[in-house]
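Here are my notes on this model, set out as numbered points for discussion. Please read them with the sequence and the coordinates open beside you.

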Amino acid sequence: STDATNMEIPFGLTATEALDHVARAQYAFQLLFMPTAWLKQNFASGQASAEAVVMCQYGGLFLVGLSLVNWVVSTKAPQVRKEVHTGQAICWGLCLCHTAMNFDKFSKPDVFINLFCQSLITGLFAMSAMSLDGKAKK
């Protein structure tokens with residue numbers, strides 16, 4: 001039985017994986033091509049040092065790499081989907097914790113959008129990982 005979190009869509013991804021890719025692409029695009037605007041919009045200080053801009057761009061590059069690796073693993077090795085989804089739940093959950101721990105440094109109300117997205121994707125990946133048996137679909 002396929003539940004909503006594991007429903008496959010085109011490109012061999014589940015709906016949760018597709019949402020993850022969309023969220024990651026949005027972050028990567030902003031960090032790579034609009035780092036100054038992203039920093040000023042997301043942080044309460046409204047500052048964007050040259051060093052912070054460079055680090056945002058590095059972050060965007062790593063997100064592109066992660067997307068490529070996740071897509072290959074998700075489509076070529078479905079037998080490890082449970083483990084990948086567990087790892088994704090942990091990663092998004094750590095982002096959620098980091099945002100909550102640094103709540104006062106973020107712009108309001110924008111931080112609430114981040115908290116919502118991080119909570120949603122963490123929950124979806126956790127539910128998916130718990131519902132998968134670790135075996136490839138036939």
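1. H85 sits in helix 4, and in this predicted model its relative accessibility is 0%, so that H85 counts as buried. A contact across the sequence may be worth inspecting here, since the C-alpha atoms of H85 and S128 are separated by 6.8 Å, although the two residues are 43 apart along the chain.

2. As to the overall composition, the chain has five helices and zero strands, and read from the N terminus the order of its elements is α-α-α-α-α. Of the 138 residues of the chain, 34% count as buried.

3. How many salt bridges does the count give? The count comes to two salt bridges, and each of them is taken up separately in the next two points.

4. One salt bridge is formed by R81 and E17, whose closest N and O atoms are 2.8 Å apart. This pair links distant parts of the chain, with R81 in helix 4 (residues 81-101) and E17 in helix 1, 64 residues apart. Are these two partners buried or exposed? R81 has a relative accessibility of 6% and therefore counts as buried, and E17, at 3% relative accessibility, counts as buried as well; the cut-off that matters for this reading is a relative accessible area under 20%.

5. The other pair is D20 with R24, a salt bridge in which the closest N and O atoms are 2.3 Å apart. Because D20 and R24 are four residues apart in helix 1, about one helical turn separates them. D20 is buried, and R24 is buried too, so a colleague checking side-chain placement in helix 1 will find that this pair, like R81 and E17, falls in the buried class.

6. Turning to helix packing, how are helix 1 and helix 5 oriented with respect to each other? The axes of helix 1 (residues 15-33) and helix 5 (residues 110-131) come within 10 Å and cross at roughly 150°, which means that helix 1 is roughly antiparallel to helix 5; the class begins at angles over 145 degrees. In passing helix 5, helix 1 makes a left-handed crossing.

7. Helix 1 also packs against helix 3, at an angle of about 155° and with the axes 8 Å apart. Helix 1 and helix 3 are therefore roughly antiparallel to each other, and the crossing in which helix 1 passes helix 3 is left-handed.

8. Within helix 5, Q118 deserves a separate remark. With 6% relative accessibility, Q118 counts as buried. The C-alpha atoms of Q118 and T99 are separated by 9.1 Å, and the two residues are 19 apart along the chain.

9. Two prolines in loops can be considered together. P109 has its place in the loop between helix 4 and helix 5, and the peptide bond that leads from K108 to P109 is cis, with omega near 5°. Most peptide bonds are trans, so a reviewer may wish to look at this bond in the model. P78, for its part, is found in the loop between helix 3 and helix 4, where its relative accessible area of 29% makes P78 partly exposed. The C-alpha atoms of P78 and L13 are separated by 9.5 Å, with their positions 65 residues apart along the chain.

10. What makes up the nonpolar patch on the surface? The patch covers about 560 Å² and is made by V54, M55, Y58, L61 and F62. One of these residues, L61, lies in helix 3 (residues 50-76), and with a relative accessible area of 51% L61 is exposed, given that the exposed class starts over 50%.

Key: Residues numbered from 1 in each chain as written. Predicted model: local features only at pLDDT ≥ 70, side-chain atom pairs only at ≥ 80, totals over all residues. Heavy atoms only, no water. Patch = residues over 30% accessible without salt bridge, like charges linked within 9 Å, V, L, I, M, F, W, Y side chains within 5 Å. Areas by Shrake-Rupley, 256 points an atom, 1.4 Å probe, with all protein chains shown as cover. Salt bridge = Lys/Arg side-chain N within 4 Å of Asp/Glu carboxyl O. Buried < 20%, exposed > 50% of the residue type's maximum accessible area, 1.4 Å probe, protein only. Axes fitted to C-alpha atoms, helices over the stretch in contact; angles between N-to-C directions. Parallel < 35°, antiparallel > 145°, perpendicular 65-115°, else oblique. Left-handed = near helix turned anticlockwise from the far one by under 90°.
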